[in-house]
Amino acid sequence: MRIFEDAIQSINLQILSAFSNQGITDPASIEWTSIPLVNQWGLGTSACLKAAAFLQRSGKNSASVPRLAQELAEQVAAGITLPEGFSRVEASRGYINIFFDTQRYVHKVLETVLSEGPSYGRGSPKGERVMVEYIQPNTLHSIHIGHFRNAVLGESLARLVEFAGFETIRASYPGDIGLGVVRCMWAYQKFHAGEEPTDVLERGRWIGQVYTEASSLLEPKPDETDAQRALREGYESEVRELYHLWDDGDLRVRELWKRTRQWSLDELREVLQQLDIAIDVFFYESEVDKPGKAIVDELIARHIAEDERPTGGPVIVRIDEKLGLTRETYRIAVILRSDGTSLYLTKDLALAKIKFEQYHVDRSVYVVDVRQSLHFQQAFKILELWGFPQASKCYHLAYEIVTLPEGTMSSRKGNMIYYLDVVQEAQARIQAIIAEKNPDLAGADREKTAWQIGLGALKYVMLSVDNTKQIIFSWESALSFDGQAAPYIQYAHVRAGSILSKAGTAPQPVLPNYDLHPAEITLVEWISRFPQEVQRSAEEYKPLYMASYAYFLAKAFTDFYSACPVLQAEPEIRRTRLAIVAAARQTLSNSLRLLGIESPEAM
RNA sequence: GCCCCCGUAGCUCAAAGGAUAGAGCGGCUGACUUCGAAUCAGUAGGUUGGGGGUUCGAGUCCCUCCGGGGGCGCCA
């Protein structure tokens, strides 16, 4: 909800009515953006340019569009009766610009922010239920920096969608079964049974190392000897045997599986708590294994899938053929192995059905890295062929992976960057900085603050880059805390808080009675844009917009801070500025919260 | 061969089809006796990968080429 929305609506109607008097039907609605290049506060619209183009197109006027637009703008502007809250209207270069009565506008913004507080910017209920699925780590792995990007992105998205007014369900989908998990179980029982450490975080990482070892033992080597190959193939058949035992529900294998799996889930729970992520529902791959197989049977019966098992093949869906596409697009999807065990896709089909039928979701968002794009295109198309209308409401939020300067991370190469190491290093460095810059902040307070800042900085690194772009991780850049980074935003929040606590009096939303400084106006304008940014970020599933906004808001505050004295100002000015500081602090805090980043009181 | 993503300042990245493409880092010059300098002021740096097209208007949309990354029947 934009401030002065009703007044803007009345202006829109006046413009549209002026258009329709001249037979102009395009544009059908008026859009406003902030006016660049002028040091006055208002909104501008290019509606007359569109209208002029319409007139020319329909042959009603042959003048050049810019000239015609300017004439129209002058004519329309002259006929506008400005509602209360606006000071003047002008026609400029084909645009219509309306200017706020700055003092009244500032008053209105301050009133809104200070009365709504933490709810400032919350959208009205949308009446739709959104499920955000994120955090799909394989068990028996440890959480690495790629999982971190996923978790941070998904959580921010969930917060944005929720705050924007959607009923939101946070779903996590740990991969607790599959070939990888079985390989690791195999290596554990064969080489490391009983060796595990007791500490929760240590144990999660330890089993991750066993996983790496298993991968390397089972990986074909280009220069392997016959004996090595025979050994590896022997291992491989042991793994397949183990998978079949799990599949058949063998009690001992299931017990081993549950025990090792729990180590990873314990680590996951710990990490989620650290990241301040409260998952509403955990789906496990193992739970959708059987339902998935039932679905395969159904798809075969309905002639959507083809069973090639009689001839030694798997169960497949010829998607392009079913859709009548001549160019290969969705290709052929394998939905069940020839030996009858399930695949990723088998299980995802079952999970989608559960989301639709048991959770009644209107929109289903999957936060999963870009390499799974084809998988999701296939899954959504199969759902469509299967007859789920909700398939069109499924959205794969594909994000690019986190790589290293020397290339991709992989357990095989042994160059994994683990979340726990990075966050620990970040906290250590921040503690050192606090010790130097703010020695008074000590002990447990220093540790807590260092945690808020260190983790916040890492989260911001993940959120301030578009999800379509790779992040090349280096310790150097990830742990750089200067400039456009979370600590800058947090610092602005702290500075604002410091002024308020020194002021002693509670800020009130006063009506300013002096000419506001440009830095004051710019800051209040940024504050006023917050609700729109919330909606935009949520509707386009782009936490980046909020990350970017938060920085510009902080920058506007910092500019104000260095240009406008608050506590030493004349009483009337001081009262207004205190309210602006309070509103800025509140909006900074709300923005950071939507990014999943904490707002420290001191730093 | 087919599909998807990316290409913007030296580097990392922003930019609602709109008015003169913006930040940070790095470079250079300055500012702490001031509401704490995790900061600020100033300065340098661009034919938005090339070429066509649509539009009154294109970094943004379409086509094409180049360069980089990813994916493509029984891994997830």
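Biologist: Which residue is the bridge partner of Tyr366 in β12?

Modeller: That's His396. Keep in mind that this is a predicted model. β11 and strand β12 (residues 394–399) are linked by 6 bridges and run in the parallel sense.

Biologist: What makes β11 and β12 a pair?

Modeller: Two strands pair if at least two bridges are found between them. β11 and β12 have 6 bridges, so they count as paired. On the way from β11 to β12 the chain passes through helix α13 (residues 373–386), making a right-handed β-α-β crossover.

Biologist: Which strand does Tyr366 face through Glu133, and how is that strand joined to β11?

Modeller: Glu133 stands opposite Tyr366, and strand β5 (residues 129–133) is joined to β11 by 4 bridges, running parallel. With at least two bridges needed for a pair, 4 is enough, so β5 and β11 pair as well.

Biologist: Why is strand β11 called largely enclosed?

Modeller: A residue is buried if 20 or more other C-beta atoms lie within 10 Å of its own. In β11 (residues 363–369), 5 of the 7 residues are buried, so the rest of the structure largely encloses this strand. For chain A as a whole, buried residues make up 40% of the 603 residues.

Biologist: Why are β8 and β10 said to stand at the edges?

Modeller: The open sheet has 3 strands in the order β8-β9-β10, paired antiparallel. β8 (306–307) and β10 (332–336) each have a single partner strand, so one side of each has no neighbour in the sheet.

Biologist: How do you know that β8 and β9 pair?

Modeller: The cut-off is at least two bridges, and 2 bridges join β8 to strand β9 (residues 315–318), so the pair just qualifies. In β9, Ile316 is the bridge partner of Glu306.

Biologist: What makes a residue count as near RNA strand B, and how many surround that strand?

Modeller: The C-beta atom of the residue has to lie within 6 Å. 80 residues surround RNA strand B, and the closest are Gly44, Val65, Gly178, Asp466 and Gly483. That surface divides into 38 nonpolar, 27 polar and 15 charged residues. Helix α19 (residues 543–563) gives the most to this surface, with 7 residues.

Biologist: Where are the domains of chain A?

Modeller: Domain 1 covers 5–100, domain 2 covers 129–403, and domain 3 is made of 453–466 + 475–594. The C-alpha centres of domain 1 and domain 2 are 54 Å apart.

Technical notes: Residues are numbered from 1 along each chain as its sequence is written. Chains are lettered from A and ligands numbered from 1 in the order in which they are written. This is a predicted model: local features need pLDDT of at least 70, side-chain atom pairs count only at pLDDT 80 or more; totals for chains, interfaces and linings use all residues. Domain bounds come from an automatic or database domain assignment. Ala, Val, Leu, Ile, Met, Phe, Trp, Tyr, Cys and Pro count as nonpolar, Asp, Glu, Lys and Arg as charged, and the others, Gly among them, as polar. A residue is buried if 20 or more other C-beta atoms lie within 10 Å of its own, exposed if 12 or fewer, and partly exposed in between; C-beta atoms are placed from the backbone. A crossover is right-handed if, with the strands pointing away from the viewer, the path from the first strand over the helix to the second runs clockwise.
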